[in-house]
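Hi,

Here is the model I promised to pass on. Have a look, and my notes on the aromatic rings follow underneath.

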Amino acid sequence: MKPVITIEYCPKCGWLLRSAYMAQELLTTFTEDLGGVTLRPSETGGTFIIRLNDTVLFDRKEAGHFPEIKFLKQLVRDQVNPEKSLGHSDRG
């Protein structure tokens, strides 16, 4: 079974669009590698956590910022398909 990404976001903070954008980017990049991306509104304010199955890949509160999409793609790639080239997202 292919892994699933869950993006838990704070709806009160207005982060749905950011979450949807990241989901779209991940689904486009990892079409063959992911079983899906789920958006989950959090009941805790300020939450923005990205999980791969049950493993936390990124937590905004711990990092102190949102992930750049390039960095997020690299995190996901390293877990689901380490051999995959990300093209321009691999540079720099």
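**Aromatic rings around Trp15**

There are 4 aromatic pairs in the structure. A pair here means rings of Phe, Tyr or Trp (its six-membered ring) with centres within 6.5 Å; planes under 30 degrees apart are stacked, over 60 edge-to-face, and the rest tilted.

One of them is Trp15 with Phe48, edge-to-face at 6.3 Å centre to centre and 85 degrees between the planes. Trp15 sits in the loop between strand S1 (4–9) and helix H1 (16–29), and Phe48 in strand S3 (residues 48–52), so to speak 33 residues apart. (Helices are DSSP runs of H or I, at least four residues, and strands of E, at least two, numbered from the N terminus.) Both residues are buried, i.e. under 20% relative accessible area, with exposed over 50% and partly exposed in between (1.4 Å probe, protein chains only). For Trp15 the value is 13%.

Trp15 also pairs with Phe66: the centres are 4.8 Å apart and the planes at 90 degrees, so this pair is edge-to-face. Phe66 is in the loop between helix H2 (60–63) and helix H3 (69–80), so the pair ties together parts 51 residues apart in sequence. Ring pairs thus join Trp15, Phe48 and Phe66 into a cluster.

Phe66 has charges over its ring too: the charged end of Arg18 is 3.6 Å from the ring centre, and that of Arg60 is 5.7 Å from it. The criterion is NZ of Lys or CZ of Arg within 6 Å of the centre and within 35 degrees of the ring normal.

This is a predicted model: local features need pLDDT of at least 70, side-chain atom pairs count only at pLDDT 80 or more, and totals for chains, interfaces and linings use all residues. Residues are numbered from 1 along each chain as its sequence is written, and side-chain values use heavy atoms, leaving out hydrogens and water.

Cheers
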